[in-house]
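Visitor: I have a structure open at the bench, and I would like to understand the words people use for it. Could you take me through a few of them?

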Amino acid sequence: HKIVNSFLCLVPDEAKSSYHVEGTGYDTYLRDAHRQFRDYCAICLRWEWPGSPKALEKCNLEATFFEGHFLKVLFDRMGRILDQPYDVNLQVTSVLSRLSLFPHPHIHEYLLDPYVNLASGCRSLFSVIVRVVGDLMVRIQRIPDFTPKLLLVRKRLLGLEPEGPMIDHITLLEGVIVLEEFCKELAAIAFVKYHASSTP
């Protein structure tokens, strides 16, 4: 619950809009995560992945950690979620959530454990999102009527409001909505994976 709440509470209340719209709760993600995780486990069954992370004493702690080119691109893109197009944000978060579903202990630890110890200068998915939220909270102060605009953009994206006049800061507002939804999705995946690992 501590990990789940870490993701659910990442986006501060003043930047959330889903609680104003019915049917956009965390439980929808839970149902999807259950089904998707079961499917991913079936796919990975024959890969004979380890059941638990490699013990720290078996790791070379002197080696410089590099997240790899693929994760570097995804983390860089995630870091720009407030400044890039809505479609790009959906693709980036979709790939990251799919990676998070894989039943490999190192993937799980690196992408879904907010408390994983990181060497200086290293990033995890959680640390990238924390930076984005810090930037967001500074930028919110400069947007007049932020909350009503955010809610209007959410309703338009859901088709609950007709398209109307262009809203300023639209890229940022759409990015905030994707960020909030992504955090709920990560919380649901973490919850499902934890319960799967603790159920015999």
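Guide: Below we talk about helix packing and a pocket.

Guide: Please keep in mind that this is a predicted model.

Visitor: What makes α3 and α4 oblique to each other?

Guide: Helix α3 (residues 69-79) and helix α4 (residues 86-101) pack at about 130°, and their axes are 10 Å apart. Angles over 145 degrees count as roughly antiparallel and 65 to 115 as roughly perpendicular, with 35 degrees as the limit for roughly parallel. An angle of about 130° fits none of these, so the pair is called oblique. The crossing of α3 past α4 is left-handed.

Visitor: How do you know which residues of α3 and α4 meet?

Guide: Contact means heavy atoms within 4.5 Å. On the α3 side these are F70, L71, L74, F75, R77 and M78, and they meet V88, V92, T93, V95, L96 and L99 of α4. Sorted by class, this contact has 10 nonpolar, 1 polar and 1 charged residues.

Visitor: Why is α3 called roughly parallel to α6?

Guide: The axes of α3 and helix α6 (residues 125-140) cross at roughly 20° and come within 9 Å. Angles under 35 degrees count as roughly parallel, so α3 and α6 earn that name. Their crossing is right-handed.

Visitor: Which residues of α3 and α6 meet?

Guide: From α3 come F75, M78 and G79, which meet L125, V128, I129 and V132 of α6. By class, the α3 contact with α6 has 6 nonpolar, 1 polar and no charged residues. Gly counts as polar, and G79 is in this contact.

Visitor: What makes a residue part of the lining of the second largest pocket?

Guide: A lining residue has an atom within 4 Å of a pocket point. The second largest pocket has a volume of about 620 Å³. Of its 27 lining residues, F37, H108, K193, Y194 and S197 are the closest to its centre.

Visitor: Which helix supplies the largest share of that lining?

Guide: That is α8, with 7 residues. Helices α1 (2-8), α2 (26-44), α5 (105-112) and α8 (170-198) each supply at least two. By class, the lining has 15 nonpolar, 7 polar and 5 charged residues.

Conventions:
Residues are numbered from 1 along each chain as its sequence is written. This is a predicted model: local features need pLDDT of at least 70, side-chain atom pairs count only at pLDDT 80 or more; totals for chains, interfaces and linings use all residues. Side-chain values use heavy atoms; hydrogens and water are left out. On a 1 Å grid over the protein atoms alone, a cavity is a set of points where a 1.4 Å probe fits but cannot get out, and a pocket is an open set with protein on both sides within 12 Å along at least five of seven lines; lining residues have an atom within 4 Å of a point. Grid points are joined across faces, edges and corners, and a volume is the space filled by probe spheres set on the points. Helices (H or I, at least four residues) and strands (E, at least two) are DSSP runs, numbered from the N terminus. Axes are lines fitted to C-alpha atoms, for helices over the stretch in contact, and angles run from 0 to 180 degrees between N-to-C directions. A crossing is left-handed if the near helix is turned anticlockwise from the far one by less than a right angle, and right-handed if clockwise.
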